[in-house]
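Student: I'd like a close look at one part of this model, and then how it fits in with the rest. Please keep the cut-offs explicit, since I like to know what each term means.

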Amino acid sequence: ADGLVKAAADGELTFAAEASRLPGGYPVTGGGIVVLAHASEMTTIYSGLQRGSISSYLKNVRKGDILGSPSGADPDRGVRFYTFDAKERRFINPLIVMPGAADDKPPVIRSAALSFDGGEILLDQQRPVRQGSYALLVDAVEMSPAGLPTAPFDMRIVIDGNERGRLVYDALWASDGSTHVSGGLGLLEESFFSSDGRARFGPFALPRGRVVISINISDYAGNTREQTYSVSVQ
């Protein structure tokens, strides 16, 4: 409300930088980044801070201390907040460790499409499709209590009454230069999420006849949204 970025918990300021890129070449949104280490072996990372506003003089940080101001360079994205589990060496969904916030708004399914070589078919157009193998592209978003769009916490795909795909967005980790998502499933982020942010499930073999596809999504607070499509496969 006051336009300032504040520490989410007590910790020690271990890194602060005001630059467009870190020494290793990693881009810094907005030009400023702060990293705090916490006694719980968690690390919190705040990027998108305005240059010249970072409180780099801090050493021991208390919950609520001012870390800086949001950058105005990209107001639609704002400050990015990440939580890293130093013991398990993976990023985790911040909502898992943050105090619960009032949230009664279910996620939104913007669109769903069957994808195949050479094209896509939006499911809400109710067009017949040919028998064959398809990926399912889902554009879904959750508005966090802070007002920022995020990926839904849980996404399930049910085809003709059988669960055929699921993503629980609880963790991210890096291995061999690639980012993986979804806990123990080890999905490659770059192959699961398309360049426009849609989640990719499948491929699924669709038989002839009437196929019912249900998309069930929920956020961390337990709010759910379901959309069902009936597809004629010829």
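Student: How many bridges join strand E19 (residues 209–218) to E20, and do the two run parallel or antiparallel?

Tutor: Ten bridges join E19 to E20, and the two strands run antiparallel. Before going further, some ground rules: this is a predicted model, where local features need pLDDT of at least 70 and side-chain atom pairs count only at pLDDT 80 or more, while totals for chains, interfaces and linings use all residues. Residues are numbered from 1 along each chain as its sequence is written, and side-chain values use heavy atoms, with hydrogens and water left out. Helices (H or I, at least four residues) and strands (E, at least two) are DSSP runs numbered from the N terminus, and two strands pair if DSSP finds at least two bridges between them. On that count, the protein has one helix and 20 strands.

Back to your pair. In the E19–E20 ladder, serine 218 stands opposite threonine 224. The two strands belong to an open sheet of four with antiparallel pairing, in the order E14-E13-E19-E20. At the edges sit strand E14 (162–168) and strand E20 (224–233), each pairing on one side only. Neighbouring strands here are turned by 15 degrees against each other on average, direction ignored; axes are lines fitted to C-alpha atoms, for helices over the stretch in contact, and angles run from 0 to 180 degrees between N-to-C directions.

Now walk across to the other side of the sheet. E13 and E14 are antiparallel too, joined by six bridges, and methionine 155 has leucine 167 in E14 as its bridge partner. E13 and E14 make a hairpin with two residues between them. One residue in that turn, aspartate 160, has a positive phi of about 50 degrees without being a glycine. Aspartate 160 is partly exposed, at 43% relative accessible area (buried means under 20%, exposed over 50%, partly exposed in between, with a 1.4 Å probe and protein chains only). Glutamine 126 is another non-glycine with positive phi, about 55 degrees. Glutamine 126 lies in the loop between strand E10 (119–122) and strand E11 (132–143), and at 67% relative accessibility it counts as exposed.

What do the side chains of E19 pack against? In a regular strand the side chains alternate between the two faces of the sheet. Take isoleucine 215: leaving aside neighbours within four places in sequence, its contacts (heavy atoms within 4.5 Å) include Leu136, Val138, Ile157 and Tyr229. Ile215 is also listed with Leu114, Leu136 and Phe201 as having the most contacts inside the largest nonpolar core, a set of 27 residues. A core here is a set of buried Ala, Val, Leu, Ile, Met, Phe, Trp, Tyr and Cys residues joined through side-chain atoms within 4.5 Å. The elements giving two or more residues to this 27-residue core are strand E9 (108–116), E11, E13, E18, E19 and E20. Apart from this core lies another, of twelve residues, including Ala7, Val34, Leu58 and Val61.

E18 has a backbone detail worth flagging. A cis peptide bond, with omega about 10 degrees, joins glycine 202 and proline 203, and proline 203 falls in strand E18 (residues 199–206).

E9 and E11 have something for you as well. A search of the whole structure turns up one aromatic pair. The rings of phenylalanine 116 and tyrosine 134 have centres 5.8 Å apart and planes at 80 degrees, so this is an edge-to-face pair (rings of Phe, Tyr and Trp, the last by its six-membered ring, pair if their centres lie within 6.5 Å; planes under 30 degrees apart are stacked, over 60 edge-to-face, the rest tilted). Phenylalanine 116 is in E9 and tyrosine 134 in E11, 18 residues apart, linking distant parts of the chain. Tyrosine 134 is buried at 6%, while phenylalanine 116 is partly exposed at 33%.

Finally, zoom out. Of the 234 residues, 41% count as buried. Among contacts with a separation of 6 or more, residues 24 or more positions apart account for 53%. The accessible surface comes to about 13,100 Å², with 48% belonging to carbon and sulfur atoms; areas come from the Shrake-Rupley method with a 1.4 Å probe, and for residues, only the protein chains shown count as cover.
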